[in-house]
Amino acid sequence: MTMYDPILLRSFVAVIEHGGFTRASQSLHLTQSTVSQHLRRLEEEVGHPLVDRSGTRPTTTEAGERLFGYARRLLALGAEARAAMDGTPSQETVRLGVPEDFGGRLLTPVLAAFTRQWGSGLRLEVTTGLGPQLLAAYERGEYDLVLAKQRHARAVHVWREPLVWLDSRRHPCLSRSSVPVAVFPEGGLYREELFGWLDAQRRRWHVAYVSPQLASLQAAVADGLGLSLLPRRAALPAHRILGPRDGAPAAPHVWLALHHPAGASPATLALAERLARRCEKLAQAASATI
C-alpha cells in the first residue's frame, strides 16, 4: 500500500487552512489551477470528495474531515524528518481557540505549564472569541483544538455551564420602566434567553451595553448599566442573582465543549487532555455552588 503523495496533501491542507484556493495557491507559490488539480487527483485517489465547494469558503466533507488531521500529521512528520537529517530543530504549531472568559487566569497557568513541558519543539497559538465564531473557524480548519460554548452536548468532551440572571445590588435595573440589558454582541450566546424572559414578562427593555468581554459586562451590571445573563462563576459580590421572587425563571445552561479531529497530533491530544482535566475541575466547582 502506497502513501498519499505529500504534494497533494499539502495542497489539500492549504485550501482548508487558508479558506480558499486563491490564498492556498499564494501560500504554496503555485497557480490556482495547479492547486485545484492536486485536490482533484487526491480525491480520485481517495475515492471520495474531500472539499465542499458550494459555500463561500471551501470546507471539508465527512471524508475530508477524517483525512485532514492525518494529512497535517503526515506533513508535520515529513518536516520533522527533514529537520532531523538537516540537524535543525523542528517545531510544531498547535492552534487553540478558547472562549473570551477562559482566556485569563482560568486557563493561562495550564497553557503555560504545557508549553514549558513541550519546550522549543512546540509553538502554541491561542485565540479568544465568542463560541459561534470559534466553532465556525474550527470548521474552516483555522484551529487544531477549540474550547467553545454551545447549546448542544455534541463534542469530544462537554461540561454543563450553569447561568444566572444578574442585576446590580446598589443600582438595580429590573424595576426601571424600560429595563436596560448588558449583553455580548449579536451572535453570542445568552442574548436570546435574556430577551425572551423579558418579553415573556411583557416588560419594556432596551440594549444599553454591548461588549465581547466578560469583565466589561460584569462591571456594567455591577454599576447598574444593565442586567444580564452570565455564567454562575462570573457573579461578583456587587451583583444580585435574580430568582423566582423577581419573576425570573429557572436559569438555563449552555455546554462548554472541547473539539479536535480524530487524527489530531500527539501534542494536540496532550493539550486536549490537560484542558479536559481543568474543565472537569471547573465544572465540579460550579455544580457545588448550585
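Q: Which helices and strands each supply at least two residues of the lining of the largest pocket?

A: In this predicted model, the elements that each supply at least two lining residues are α1 (6–18), α2 (21–28), α4 (62–86), β3 (92–99) and α9 (266–288). The largest share, 10 residues, comes from α4.

Q: How much space lies in the largest pocket, and which residues are the closest to its centre?

A: The largest pocket holds about 840 Å³ of space. Of its 32 lining residues, Arg72, Leu75, Ala76, Glu92 and Thr93 are the closest to the centre.

Q: What makes up the lining of the largest pocket by class?

A: The lining has 15 nonpolar, 10 polar and seven charged residues. Among the residues closest to the centre are Leu75 and Ala76, which count as nonpolar because Leu and Ala are both in that class.

Q: Why is α1 called oblique to α2?

A: The axes of the two helices cross at roughly 125°. Angles of 65 to 115 degrees count as roughly perpendicular and those over 145 as roughly antiparallel. The value for α1 and α2 falls in neither range, and therefore α1 is oblique to α2. The axes come within 8 Å, and the crossing is right-handed.

Q: How do you know that α1 and α2 are in contact, and which residues meet?

A: Contact requires heavy atoms within 4.5 Å. Arg10, Ser11, Ala14, Val15 and His18 in α1 meet Phe21, Arg23, Ala24, Ser27 and Leu28 in α2. By class, this contact has five nonpolar, three polar and two charged residues.

How values were computed:
Residues numbered from 1 in each chain as written. Predicted model: local features only at pLDDT ≥ 70, side-chain atom pairs only at ≥ 80, totals over all residues. Heavy atoms only, no water. 1 Å grid on protein atoms, 1.4 Å probe; cavity = no way out; pocket = protein on both sides within 12 Å on 5 of 7 lines; lining within 4 Å. Points joined across faces, edges and corners; volume = space filled by probe spheres on them. Helix = DSSP H or I, 4+ residues; strand = E, 2+ residues; numbered from the N terminus. Axes fitted to C-alpha atoms, helices over the stretch in contact; angles between N-to-C directions. Parallel < 35°, antiparallel > 145°, perpendicular 65-115°, else oblique. Left-handed = near helix turned anticlockwise from the far one by under 90°.
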